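Biologist: Thanks for sitting down with me. I would like to go through this model and hear the reasoning behind the words you use for it.

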Amino acid sequence: MVCQYGEQLEKLVKEAEPYAAEGKVADYIPALAKADQGILAVSIFDGKETCFSAGHSTEMFTLQSISKVLTLALALMDHGEEVVFDKVGMEPTGDPYNSIAKLESLVAKPLNPMINAGALAVSHLIKGESTEERLERLLQLIRKMSARPSVTYNREVAQSEFNTADLNRSLAFFMKQHRIIDENVDQLLDFYTKQCAIEVDCDDLARIGFVLANGGKNEEGEEIIPFEIARLVKTFMVTCGMYNSSGEFAIRVGIPAKSGVSGGIVGAVPNSIGIGIYGPALDEKGNSVAGMKLLEALSSYYHLSIF
Ligand code: DON
């Protein structure tokens with residue numbers, strides 16, 4: 001491979017790959033259970049070239065919770081900080097991503113936009129007359145960030161989650177009762193499950209990470225997200241991006257990152273590179289086991305920690 005990360009990237013992937021055996025593919029969304037447990041792939045984009053691991057880097061997967069950073073950016077662009085943070089807080093929870101526990105103790109306002117409750121409150125804010133219009137606006141943002149005009153969502157995965165999302169429905173009903181959201185719950189779930197089912201590959205994720213790393217601009221200097229919003233989103237990635245593993249991840253890896261239950265992880269090393277990882281075998285907290293090992297190895301080898 002001819003790129004600055006060269007053979008080392010392949011070596012680090014080979015070393016991290018066996019950790020996939022310690023994890024398990026998510027199956028609470030039935031369509032995700034079809035993923036190949038052993039895969040580990042990575043792409044790195046530095047604004048000039050994309051370096052990728054051999055094997056699986058063109059495998060497509062759904063964003064799942066990675067979409068939460070992108071809807072947050074769009075909601076902030078739609079409404080500004082005051083409106084968004086009236087609906088959702090800024091504090092890590094230390095709880096699982098789908099927990100309902102802290103909603104009741106804190107007047108129904110979700111603690112942050114990276115947990116499911118917070119993400120539902122943020123998705124509620126996305127402007128658009130219909131699910132299609134909201135989704136199209138989100139897709140437009142993602143197409144610009146990934147530089148791939150064909151990005152769309154996987155209908156089977158969206159439907160599979162919609163059919164089984166009763167915990168997320170509960171979170172939404174709870175928030176509706178407490179006036180955090182005021183729309184039809186199934187309409188919101190329709191948008192949320194489609195947003196989670198947006199499909200990318202590792203190269204797309206690396207480019208998305210690069211835009212965040214690069215203060216919201218693409219490699220040509222075009223502003224896709226305002227600098228302040230890119231900063232804010234990266235900060236949430238550090239404090240809440242890996243859920244109740246975020247503290248340990250900050251210590252071991254130190255890269256703003258966001259995971260999804262499909263096994264994707266996006267990383268954004270400020271002023272440097274975007275990283276896209278796919279490894280569907282998850283730990284019990286919903287993060288890619290081999291993917292986290294690989295990020296730890298990359299961070300250590302290339303001194304990528306921001307701390
Ligand atoms: O709402 C859900 O449960 C999924 N669509 C997304 C959860 C997720 O990706 C958590 N990440 N690790």
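Biologist: Which domains does the shell around the ligand draw at least three residues from?

Modeller: One thing up front: this is a predicted model. In it, the shell draws at least three residues from domain 1 (6–64 + 199–302), and at least three from domain 2 (65–196). The ligand is surrounded by 13 residues, and the closest are Gln64, Ser65, Cys196, Val261 and Gly286.

Biologist: What makes up the shell around the ligand, by class?

Modeller: Nine residues of the shell are polar, three are nonpolar and one is charged.

Biologist: Where does UniProt place the feature "binding site"?

Modeller: The unreviewed UniProt entry gives Ser65, Asn116, Glu161, Asn168, Tyr192, Tyr243 and Val261. Such annotations may be inferred rather than shown by experiment.

Biologist: Let me pick one of those. Why is Asn116 called buried?

Modeller: The cut-off for buried is 20 or more other C-beta atoms within 10 Å. Asn116 has 22, so Asn116 is buried. You will find Asn116 in helix 5 (residues 116–125). Beyond its neighbours within four places in sequence, Asn116 is in contact with Tyr97, Asn98, Asn168 and Leu171. Asn168 is also among the positions in the UniProt record.

Biologist: And Tyr243, buried or exposed?

Modeller: Buried, because Tyr243 has 23 C-beta neighbours inside 10 Å, and the cut-off is 20 or more. Tyr243 lies in a loop, the one between helix 11 (227–240) and helix 12 (246–252). Setting aside its neighbours within four places in sequence, Tyr243 is in contact with Pro96, Tyr97, Lys285 and Gly286. Tyr97 appears among the contacts of Asn116 too.

Biologist: What makes Gly279 count as buried?

Modeller: Gly279 has 32 C-beta neighbours inside 10 Å, and therefore counts as buried. Gly279 sits in the loop between strand 8 (273–278) and strand 9 (281–282). Leaving out its neighbours within four places in sequence, its contacts are Ala20, Ile39, Leu40, Gly263, Ser288, Ala290 and Gly291. Take Ala290: Gly279 and Ala290 are eleven residues apart in sequence, with 6.2 Å from C-alpha to C-alpha.

Biologist: Now the whole chain. Why does its radius of gyration agree with a compact globule?

Modeller: For 307 residues, a compact globule would have a radius of gyration near 19 Å; the protein chain has 18 Å, so the two agree. Along the principal axes, the C-alpha atoms fill a box of roughly 55 × 40 × 35 Å. There are 13 helices and nine strands in the chain, and 52% of the 307 residues count as buried.

Biologist: What share of the contacts with a separation of 6 or more joins residues 24 or more positions apart?

Modeller: That share is 69%.

Biologist: How many residues of each domain are in contact with the other domain?

Modeller: 36 residues of domain 1 are in contact with 33 residues of domain 2. On the side of domain 1 that touches domain 2, the elements giving two or more residues are strand 5 (199–200), helix 10 (202–213), helix 11, strand 6 (257–259) and strand 7 (264–269). Helix 11 provides the largest share there, seven residues. By class, this side of domain 1 has 20 nonpolar, eleven polar and five charged residues. As for the centres of domain 1 and domain 2, they are separated by 20 Å, taken over C-alpha atoms.

How values were computed: Residues are numbered from 1 along each chain as its sequence is written. This is a predicted model: local features need pLDDT of at least 70, side-chain atom pairs count only at pLDDT 80 or more; totals for chains, interfaces and linings use all residues. Helices (H or I, at least four residues) and strands (E, at least two) are DSSP runs, numbered from the N terminus. A residue is buried if 20 or more other C-beta atoms lie within 10 Å of its own, exposed if 12 or fewer, and partly exposed in between; C-beta atoms are placed from the backbone. Two residues are in contact if their C-beta atoms, placed from the backbone, lie within 7 Å. A residue is near a molecule or strand if its C-beta atom, placed from the backbone, lies within 6 Å of it. Ala, Val, Leu, Ile, Met, Phe, Trp, Tyr, Cys and Pro count as nonpolar, Asp, Glu, Lys and Arg as charged, and the others, Gly among them, as polar. Domain bounds come from an automatic or database domain assignment. The radius of gyration is taken over C-alpha atoms; the globule rule is 2.2 Å times the number of residues to the power 0.38.
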